[in-house]
Amino acid sequence: MKITITVENPTPEVLEKLLALAATPTAVVTAVPDDRWTPERARSYYDRLPPRAQQILLQVVEGQGECAAEELKANGRSLRGSTGAFRRVLSEGKRTGLWPDALPVPLVSHIVGGQLKKLEMPGRGTGQYVLPAFEDGLRDLRTDG
């Protein structure tokens, strides 16, 4: 049996009481903050992206969390319309209750002089860096080992 409880903006005291209630000898309890990507969320997100956006996301993951726009456009490939899918799919998932509202966008664009220079996963060097969750969630799809 699996029971899922969503608590928005819990205080530490509420979390402590909730976890104590769930702590039975055979229970397995995990708590995932609403603002964190997990491997399961990452795979679900990837599966909902259009094919070109999936390719781009994999390329960024394989590039250790970033990829230059010129590399993404190699062999005449276009980025037109592909990058908008990242925010659109995340918004749709939040609206339908698939993902929490606090979940951050997993890719950000770096634009210089009106030109896209690179795509990057935010949070590098922090506990909110999204790359590890995407590496785990997309492990079976990656070509970089």
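Aspartate 136 is partly exposed in this predicted model, with a relative accessible area of 42%. Its partner in a salt bridge is arginine 139, and the closest N and O atoms of the two lie 2.4 Å apart. Arginine 139 is likewise partly exposed, at 48% relative accessible area. This pair makes a handy starting point for a tour of the charged contacts, as a search of the whole structure finds 8 salt bridges.

A second contact involves aspartate 140, whose side chain meets that of arginine 43 in a salt bridge with an N to O distance of 2.6 Å. Distant parts of the chain are linked here: arginine 43 belongs to helix α2 (residues 39–48), aspartate 140 lies in the segment after α6 (131–137), and 97 residues separate the two. The two ends of this bridge fall into separate accessibility classes. Aspartate 140 counts as exposed, since its relative accessibility of 58% is above the 50% cut-off. Arginine 43, with a relative accessible area of 25%, is partly exposed, because that value lies between the 20% and 50% limits.

Attention now turns to the strands. An open sheet is formed by 3 strands in the order β1-β3-β2, with antiparallel pairing. Strands β1 and β2 (108–112) are the edge strands, each pairing on one side only. On average, neighbouring strands of this sheet are turned by 25 degrees against each other, direction ignored. Between β1 and β3, which run antiparallel, there are 3 bridges. Among the residues involved is glutamate 66, whose bridge partner in β3 is glutamate 120.

Glutamate 66 also takes part in a side-chain contact: it meets lysine 118 in a salt bridge, at 3.6 Å from N to O. This pair, too, links distant parts of the chain, with glutamate 66 in strand β1 (residues 66–68) and lysine 118 in strand β3 (residues 115–120), 52 residues apart. Both residues can be placed on the accessibility scale. Glutamate 66 is partly exposed, with a relative accessible area of 31%, and lysine 118 is partly exposed as well, at 24%. The contact does not stand alone, for salt bridges that share partners join Glu66, Lys118, Glu120 and Arg124 into one network. Glu66 and Glu120 thus appear together twice, as bridge partners in the pairing of strands and as members of the salt-bridge network.

Technical notes:
Residues are numbered from 1 along each chain as its sequence is written. This is a predicted model: local features need pLDDT of at least 70, side-chain atom pairs count only at pLDDT 80 or more; totals for chains, interfaces and linings use all residues. Side-chain values use heavy atoms; hydrogens and water are left out. A salt bridge is a side-chain nitrogen of Lys or Arg within 4 Å of a carboxyl oxygen of Asp or Glu. Helices (H or I, at least four residues) and strands (E, at least two) are DSSP runs, numbered from the N terminus. Buried means under 20% relative accessible area, exposed over 50%, partly exposed in between (1.4 Å probe, protein chains only). Two strands pair if DSSP finds at least two bridges between them. Axes are lines fitted to C-alpha atoms, for helices over the stretch in contact, and angles run from 0 to 180 degrees between N-to-C directions.
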